[in-house]
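User: Please take me through this structure by explaining why its parts are described as they are. I would like each term set against its cut-off.

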Amino acid sequence: MKPQRLLMVTSLYPYGTGEAFVAAELEHLSQCFGNIDLVPIFYEPGTAARPVHQRVDLAYADARWGALRLPRVAGALLAALLRYRWVADLGSILAKPRKLDSLKELVRALYRARMFERYLADRERAGEGVDLIYYYWLLPEIQGALAFRKAGGSPVRIVCRAHGGDLYEYLKPGGYAGLRRSIVAGIDAIYTISEDGLRYLNRRFPALAAKFDTARLGVADPGFLNVQPSGGPLSLVSCSFAVPGKRLHLIVDAIAHLLAADPTLEVRWTHVGDGPLLDAVRARAAGAFAAFGARGQAVFKGYLTQPALMEVYRDEGFDAIVNVSDTEGIPVSLMEAGAAGIPMIATDVGGTAEIVNAANGVLIHADADVATIAAAMLRFRDRSAARACRKSARLHWEAHFNAAANYGRFARTLATGQGATDPATPDLLSIP
């Protein structure tokens, strides 16, 4: 029996190429809910959506981004200023630097919340009620759902996941996340994707700790293990967008450091992913490796779908995957590598330490210099010693990041309403 109705709010899914792991989660959610509607908060008109079995409701995105966007946003902001509690947020903003960035964040949060409240009211008038609203991210639209529930006395439950950039307030330009105190106070549960995220919420809102729990992401069993190279160059892979926070230039510089230090060493680096800095990284690699001839190789695969990435891991042997990000929630790219038995080298940021450890790779300091990164890479030149890492990488994935286990457990948690909930909501003004 699957009577419950679920509204799942995403950033773009099923549009765009991000949120790739929503699909695997939906397979398990569909076993626990009788009806699921997907609500992306943005999409590019005219683009095709990925095929899904669920209904996709674009009414909110169309209202927010459509032809009448400006008057709708202005009206929503005015209504939010009159209806919502935001004065405490303003006081906090005025006490911090970069006030303009935070004021913009507050304004965006207010109008988005009010527009989502209106969207839910329109759905209800159309007879499209729901039992659970599940936000895949910690979004300001949650405040709109809370206001909708309070105004109409709806019994709808409201929960969300929390990842990285949406969770850690210090990552925001002004260190302020819109309406965060009100959202955390009113929501029924927040599920972080890492223990690091859970600790952050517990420190930030200790009085509300009963609402918080960890629900890990996961990746599917690829059905094979990556074949360890038996000879040839030290083979490294990275998988990320080419954006500043991924610090791909450090990978280039570390490889160049290795090549300069050992004239007998050959290194082949494969990067999967695109992004605004890809051309710059490609040019940096070409320049840095030019002096070493064929000993330094860089291969850029560009964007690959998850199945295409798995084909690369099946067909090409890698000694280690490298991730030198300056911030993370918890990197799914490392989960994928672990599932295929590829050892990992990564910076100790966010929840990365929950994936990478001394048994399955090398965890390096968040601010590691080029020499330290290079030394971590060089450890995998000894392929006999690295075999144990490969086995441990796979075992750690099985224990902690197996999609079938994690998503099945999470779907049952959402369906039953058990887990991290707080029946008593303290007054918003009491939250620091």
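Analyst: The exchange below covers the sheet, a helix pair and some loop residues. The model is predicted, so that local features need pLDDT of at least 70 and side-chain atom pairs count only at pLDDT 80 or more, while totals for chains, interfaces and linings use all residues. Residues are numbered from 1 along each chain as its sequence is written, and side-chain values use heavy atoms, with hydrogens and water left out.

User: What is the order of the strands in the open sheet?

Analyst: The six strands run β10-β9-β8-β11-β12-β13, with parallel pairing. Strands (E, at least two residues) and helices (H or I, at least four) are DSSP runs, numbered from the N terminus. Two strands pair if DSSP finds at least two bridges between them.

User: What makes β10 and β13 the edge strands?

Analyst: β10 (296-302) and β13 (361-364) each pair on one side only. Averaged over the sheet, neighbouring strands are turned by 20° against each other, direction ignored.

User: How do you know that β12 and β13 pair?

Analyst: β12 (residues 344-347) shares four bridges with β13, in the parallel sense, and the definition asks for at least two. One of the bridge partners is Gly 361 in β13, which is matched with Met 344. The strands β8 and β9 also pair in the parallel sense, over six bridges; there, Val 237 has Thr 270 in β9 as its bridge partner.

User: Why is β9 described as largely enclosed?

Analyst: Five of its six residues are buried, so β9 is largely enclosed by the rest of the structure. Buried means under 20% relative accessible area, exposed means over 50%, and partly exposed lies in between (1.4 Å probe, protein chains only).

User: Why are α5 and α6 called oblique to each other?

Analyst: Helix α5 (residues 99-125) packs against helix α6 (residues 141-152) at an angle of about 50°, with the axes 7 Å apart. Axes are lines fitted to C-alpha atoms, for helices over the stretch in contact, and angles run from 0 to 180 degrees between N-to-C directions. Angles under 35 degrees are roughly parallel, over 145 roughly antiparallel, 65 to 115 roughly perpendicular, and the rest oblique. The pair α5 and α6 is therefore oblique.

User: Which residues of α5 and α6 meet?

Analyst: Among them are Arg 112, Phe 116 and Leu 120 in α5, and Gln 143, Ala 147 and Phe 148 in α6. Contact means heavy atoms within 4.5 Å. The residues of this contact divide into eight nonpolar, two polar and four charged. Ala, Val, Leu, Ile, Met, Phe, Trp, Tyr, Cys and Pro count as nonpolar, Asp, Glu, Lys and Arg as charged, and the others, Gly among them, as polar.

User: Why is Leu 179 counted as buried or exposed?

Analyst: Leu 179 has a relative accessible area of 1%, which falls under the cut-off for buried. Leu 179 lies in the loop between β5 (157-162) and α7 (180-186), and its phi is near 60°, a positive value in a residue other than glycine.

User: What places Arg 247 and Ser 240 in the buried class?

Analyst: Their relative accessible areas do: 13% for Arg 247 and 15% for Ser 240. Arg 247 is in the loop between β8 and α9 (248-261), and Ser 240 is in the loop between β8 and α9. Setting aside residues up to four places away in sequence, Ser 240 touches Lys 246, Leu 248, His 271, Val 272, Gly 273 and Asp 274.

User: Where is the cis peptide bond?

Analyst: The cis bond joins Tyr 13 and Pro 14, with omega about 15°. Pro 14 belongs to the loop between β1 (5-10) and α1 (22-29).
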